[in-house]
Amino acid sequence: MSKPFESEVPARWLCYCADLLGGPKLTQELVEVYFRAVGSDDAEAVTRALGDWLRAERRFPAPADIRQALGMVQE
């Protein structure tokens, strides 16, 4: 299983979110920092969470939003 910052697919979805939801211009370094802040080693789950976010939300997700979508944050 690849980590999100080691895989092209979640990085691409993060860039889609940034482009479509008015997020920041992302460098490779910022993408890596973002995924390290999310803290998940499951690239597929992070990709699904980003896709779900893109379909349902209107703003760029903070790493904490993706952590919450992955069930990593207790409310």
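**Helices, burial and side-chain pairs in a predicted model**

Glu32 has a relative accessible area of 29% and is therefore partly exposed. In this predicted model, the side chain of Glu32 is joined to Arg36 by a salt bridge in which the closest N and O atoms are 3.0 Å apart. Because Glu32 and Arg36 stand 4 residues apart in helix H2, about one helical turn separates them. In general, an α-helix has 3.6 residues a turn, so residues three or four places apart point the same way.

The pair in H2 is one of 4 salt bridges held by the structure. Another is found in helix H1, where the side chains of Arg12 and Glu8 meet with a distance of 3.7 Å from N to O, and these two residues are likewise 4 residues apart, about one turn of the helix. The partners in H1 fall into separate exposure classes, since Arg12, at 34% relative accessibility, counts as partly exposed, whereas Glu8, at 58%, counts as exposed.

Helix H1 itself comprises residues 8–20, and its 13 residues reach 18 Å from the first C-alpha to the last, close to the 18 Å expected at 1.5 Å a residue. Buried in this helix are Pro10, Ala11, Leu14, Cys17 and Ala18. These residues lie on the same side of H1, because the arc that they cover around the axis is only 115 degrees. On the other side of H1, the residues Glu8, Asp19 and Leu20 are exposed. The cover over the buried residues of H1 includes helix H2 (28–38) and helix H3 (43–56). After H1 comes Gly22, whose phi is positive, near 75 degrees.

H1 also contains an aromatic pair, one of 3 in the structure. The ring centres of Trp13 and Tyr16 are 5.3 Å apart and the ring planes stand at 80 degrees, so this pair is edge-to-face. Trp13 and Tyr16 are 3 residues apart in H1, about one turn of the helix. Both rings belong to partly exposed residues, with a relative accessibility of 26% for Trp13 and 35% for Tyr16. Elsewhere, one aromatic cluster is formed by Tyr34, Phe35 and Phe60.

Helix H3 has 14 residues, which at 1.5 Å a residue should span 20 Å, and the distance of 20 Å between its end C-alpha atoms agrees with this. At the N-terminal end of H3, Asp42 acts as a cap, with a side-chain oxygen 3.2 Å from the backbone nitrogen of Glu44. The buried residues of H3 are Ala43, Ala45, Val46, Thr47, Ala49, Leu50, Gly51, Trp53 and Leu54, and they pack against H1, H2 and H4.

One residue of H3, Trp53, also appears among the contacts of Asp65, which touches Trp53, Arg59 and Phe60 when residues up to four places away in sequence are not counted. Asp65 is placed in helix H4, which runs over residues 63–69. With a relative accessibility of 14%, Asp65 counts as buried, the threshold for that class being under 20%. The contact with Arg59 includes a salt bridge, in which the two side chains meet at 2.8 Å from N to O. Arg59, by contrast, is partly exposed, with a relative accessible area of 42%, so that this salt bridge joins a partly exposed residue to a buried one.

Terms used: Residues numbered from 1 in each chain as written. Predicted model: local features only at pLDDT ≥ 70, side-chain atom pairs only at ≥ 80, totals over all residues. Heavy atoms only, no water. Expected span 1.5 Å × (residues − 1). Buried < 20%, exposed > 50% of the residue type's maximum accessible area, 1.4 Å probe, protein only. Arc of directions from axis to C-beta. Contact = heavy atoms within 4.5 Å. Polar contact = N/O pair within 3.5 Å; in protein donor to acceptor, adjacent residues only side chain to side chain. Phe/Tyr/Trp six-rings, centres within 6.5 Å; stacked < 30°, edge-to-face > 60°.
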